[in-house]
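This briefing is for a reader who has not seen the structure before. Please look over the chain, then read the points below.

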Amino acid sequence: MVVRIFDHAGKINIGALNQEKMRLLIEHLLGEDADPSEVQDLLTAWNDWKDLNDAAGINGADKDYYESLDPPYTPRNFSELDSVEEIRLIRGFDDLFKDVNLDAAFTIYGSTSTVNMNFATREAMQLLPGLNDELIEEIIAYRERKDFRNKPDVANIVPLDDFVLLSDWIGSNTSSFYSVFAYPKADAEVDVTQAYMEIIEVRGPRERARVYKVDPYGRLPDASPAQVDD
């Protein structure tokens with residue numbers, strides 16, 4: 001059997017995303033030519049989903065909108081999401097994240113608001129302002145040799161203008177939450193993308209880990225080696 005463990009400190013915590021960080025994340029996903037009105041509409045829909053009332057903001061979406069859909073459903077109207085996949089239920093967010101492995105990029109567990117670059121998944125880094133595919137591969141190549149000790153280590157790889165955008169998103173936090181994947185070891189090299197998965201919390205050496213989620217067909221994060229020139 002192959003067992004692979006991913007620390008949730010390497011994911012973006014949805015529950016810790018304030019309005020400004022969500023705006024930056026939306027802008028990064030939409031790209032440099034993002035329409036400010038589209039960004040604002042998505043941000044308003046996000047706020048309407050999480051606020052405690054049924055009143056929609058300007059160009060937002062709340063109870064009346066979601067109950068008019070087929071099939072209908074009601075908004076969360078609470079600050080905490082039950083799963084990372086719930087974000088797809090928010091108006092416009094299914095298209096926004098259509099190509100994203102949400103379980104690899106996000107977590108709803110813990111309270112940390114930063115991402116540890118020693119554990120960061122490719123999927124999480126692809127969403128972080130200040131990073132592009134080339135820089136992500138450089139970061140992975142660096143940590144294949146040694147750990148990042150602090151932010152200056154990351155700044156040695158990421159250009160200054162980009163690091164200014166990235167700095168508030170990263171930290172040295174660790175987590176007690178892990179995604180554990182297990183699958184049979186193949187005789188020939190195959191690209192395994194799905195496996196039995198549990199999300200667990202490790203509370204101490206004398207306690208059994210607490211299981212929060214079980215998925216027999218969990219989607220693995222992209223943990224392939226760095227794609228950089230020698």
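Which helices do the buried residues of helix 2 pack against? They pack against helix 1 (19–30), helix 3 (63–67) and helix 4 (93–96). This is a predicted model, in which local features need pLDDT of at least 70 and side-chain atom pairs count only at pLDDT 80 or more, while totals for chains, interfaces and linings use all residues. Residues are numbered from 1 along each chain as its sequence is written, and side-chain values use heavy atoms, with hydrogens and water left out.

**Helix 2**
- Helices (H or I, at least four residues) and strands (E, at least two) are DSSP runs, numbered from the N terminus.
- The buried residues of helix 2 (under 20% relative accessible area, 1.4 Å probe, protein chains only) include Val39, Leu42, Leu43, Trp46 and Trp49.
- Helix 2 covers residues 36–50, and its 15 residues should span 21 Å at 1.5 Å a residue (counting one less than the number of residues); the end C-alpha atoms are 21 Å apart, which agrees.

**Nonpolar cores**
- A nonpolar core is a set of buried Ala, Val, Leu, Ile, Met, Phe, Trp, Tyr and Cys residues joined through side-chain atoms within 4.5 Å.
- The largest has 47 residues, of which Ile12, Phe93, Phe97, Phe106, Met117 and Leu131 touch the most other members.
- Among the elements that give two or more residues to this core are helix 1, helix 2, helix 4 and helix 7 (133–143).
- Another core, of nine residues, lies apart from it and includes Phe6, Phe177, Tyr183 and Ala195.
- Beyond its neighbours within four places in sequence, Leu131 is in contact (heavy atoms within 4.5 Å) with His28, Met117, Met125, Ile136, Ile139, Val158 and Leu166.

**Pocket and cavities**
- On a 1 Å grid over the protein atoms alone, a cavity is a set of points where a 1.4 Å probe fits but cannot get out, and a pocket is an open set with protein on both sides within 12 Å along at least five of seven lines; lining residues have an atom within 4 Å of a point.
- The largest pocket has a volume of about 490 Å³, taken as the space filled by probe spheres set on the points.
- Its lining has 22 residues, and Asp191, Leu220, Pro221, Asp222 and Ala223 are the closest to its centre.
- The whole structure holds two cavities of 30 Å³ or more.
- The largest cavity contains about 50 Å³ of space, and its lining includes Lys11, Asp103, Phe181 and Arg219.
- The second largest cavity also has about 50 Å³, with Ile12, Asn13, Thr112 and Trp169 among its lining residues.

Conventions:
Buried < 20%, exposed > 50% of the residue type's maximum accessible area, 1.4 Å probe, protein only.
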